[in-house]
Amino acid sequence: MTQHDSPESPPARPSRPMTGLRVLELGSYIAAPTAGRMLADFGAEVIKVERPRGGDELRRWRLREGDTSLLYRTLNRNKKSVTLDLRTEAGRKLALGLVAECDVVLENFRPGTLERWGLGPDELRAVRPDIVLVRISAYGQTGPYRDRPGFGAIAEAVGGLRELTGDPDRLPVRTGVSLADTLAGIYAVAGAALCLFRRERDRNGASATPATAPSGSFPGLVDVALHEAVFSLTESLLPDFEAYGEERERLGGRMEGVAPSNAYPCADGRTAIIAGNGDSIFKRLMATIGRPDLAEHPGYNTNDGRWADRDLLDSAITEWTSRRDAETVLAALEEAGVPAGRIYRADDISTDPQYADRGMVQRFDVAVGERTLPGIGFPGIVPRIGGENGVVDWLGPDLGTHTHDVLREVLRLEDADLAHLAAAGVI
């Protein structure tokens with residue numbers, strides 16, 4: 001599939017789970033835009049509001065040429081870009097007009113920012129009482145850290161993940177992606193979907209929530225903290241500490257209490273990940289590498305015993321993998337039913353048949369300044385719904401591409417009104 005980015009008139013979409021939903025995205029960077037991307041992928045009309053001059057700063061992150069990065073194109077696909085200065089009174093009124101026609105509002109500013117702009121929860125509910133407001137911030141909307149600034153890197157640290165990442169004899173390291181922001185965006189979508197489900201249930205008379213909710217409560221408020229999203233990944237980190245005083249440590253490519261499971265070098269310079277930590281899988285792995293003595297060792301019948309001798313087991317596996325190329329290693333392990341895979345680089349993903357078959361690499365012609373790059377691969381849509389590959393309709397649009405169309409269609413403004421707003425710098 002090959003399509004051009006930033007269409008003037010987005011193509012008609014087949015019915016998808018979120019078709020009919022309208023979302024106003026007030027966020028920037030990665031967290032809220034990730035949530036908006038997911039909702040747009042599944043049919044929602046997502047109106048992304050950006051500053052009239054410059055837009056979302058993500059447009060310039062990892063920018064190679066032109067004025068819009070491929071990172072922005074990726075995270076803001078299937079959305080409409082509208083420029084609006086929310087710091088002006090006219091911009092505030094237009095935003096509230098859009099809220100009145102939307103089901104969900106997404107934002108990831110520091111707590112209190114919307115309130116300062118006159119776009120806080122009270123103002124939003126005044127124009128749309130059943131609005132779902134999704135708020136993403138570093139530490140959440142309440143608590144003693146509420147007003148602290150923070151990005152994903154800080155959230156990974158405070159959430160407990162950074163201390164577990166890397167080798168024990170080196171400083172903790174970060175994953176190569178914006179993990180905290182992306183995870184928070186996914187939780188934001190879950191929260192929005194839950195609130196929308198409850199709203200629909202209430203409308204159908206299946207619940208008395210609106211009548212019985214405490215005075216001043218906001219059933220449609222979703223509050224996602226980056227560090228809490230990260231903390232949710234840490235499994236039994238806290239209970240193990242509080243119950244037994246155990247502090248987990250960085251283990252490089254290993255996982256606490258699980259063996260053998262690690263990265264192993266191959267003769268061609270590639271690396272294989274092998275997970276032989278299931279009891280029966282371990283025996284098959286040892287047989288494959290020619291170590292039946294380890295397969296039958298009574299101390300290795302369970303993970304506890306194998307974990308105690310993890311260095312010995314990893315050495316035995318490394319001795320075998322290091323004398324074979326990665327494809328030979330993986331073929332032997334696949335035949336034996338041992339979970340394994342080569343560590344992929346971007347070039348592997350680009351040509352992998354599994355990614356292609358499930359629509360996980362979708363190709364577009366991308367305008368970058370004075371030239372167009374043909375057939376560039378972008379990530380597909382997760383999850384698949386109804387057994388079909390999701391289709392990306394268009395990439396993240398040029399700044400303000402849909403401003404006039406949206407304000408005409410949603411707020412029914414006339415051309416003269418739009419000209420006046422543009423002259424005043426509001427749009």
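What volume does the largest pocket have? In this predicted model, the value comes to about 1,500 Å³. A total of 41 residues line the largest pocket, and those nearest its centre are Arg37, Leu71, Thr74, Val177 and Pro379. Several elements share in building this lining: helices α1, α2 (70–75), α7 and α16 (346–351), together with strands β10 (361–368) and β11 (371–379), each supply at least two residues. The most generous of these is β11, which gives five. Sorted by class, the lining of the largest pocket holds 23 nonpolar, eleven polar and seven charged residues.

The second largest pocket contains about 870 Å³ of space. Its lining is made of 42 residues, with Ser28, Tyr29, Asn108, Phe109 and Phe151 closest to the centre. Two or more lining residues come from each of β2 (45–50), β5 (132–137) and α6 (152–158), and β2 has the largest share, with three. In this second lining, 19 residues are nonpolar, ten are polar and 13 are charged.

Two of the helices that help line the largest pocket, α1 and α7, also meet one another. Two packed helices are described by the angle between their axes and the distance between those axes. Here, the axes of α1 (residues 31–41) and α7 (residues 179–203) come within 7 Å and cross at roughly 50°, which means that α1 is oblique to α7. The crossing is right-handed. On the α1 side, the contact involves Ala31, Thr34, Ala35, Met38 and Leu39, while α7 contributes Asp181, Thr182, Gly185, Ile186, Ala188 and Val189. Seven of these contact residues are nonpolar, three are polar and one is charged.

How values were computed. Residues numbered from 1 in each chain as written. Predicted model: local features only at pLDDT ≥ 70, side-chain atom pairs only at ≥ 80, totals over all residues. Heavy atoms only, no water. Axes fitted to C-alpha atoms, helices over the stretch in contact; angles between N-to-C directions. Helix = DSSP H or I, 4+ residues; strand = E, 2+ residues; numbered from the N terminus. Parallel < 35°, antiparallel > 145°, perpendicular 65-115°, else oblique. Left-handed = near helix turned anticlockwise from the far one by under 90°. Contact = heavy atoms within 4.5 Å. Nonpolar A, V, L, I, M, F, W, Y, C, P; charged D, E, K, R; others polar. 1 Å grid on protein atoms, 1.4 Å probe; cavity = no way out; pocket = protein on both sides within 12 Å on 5 of 7 lines; lining within 4 Å. Points joined across faces, edges and corners; volume = space filled by probe spheres on them.
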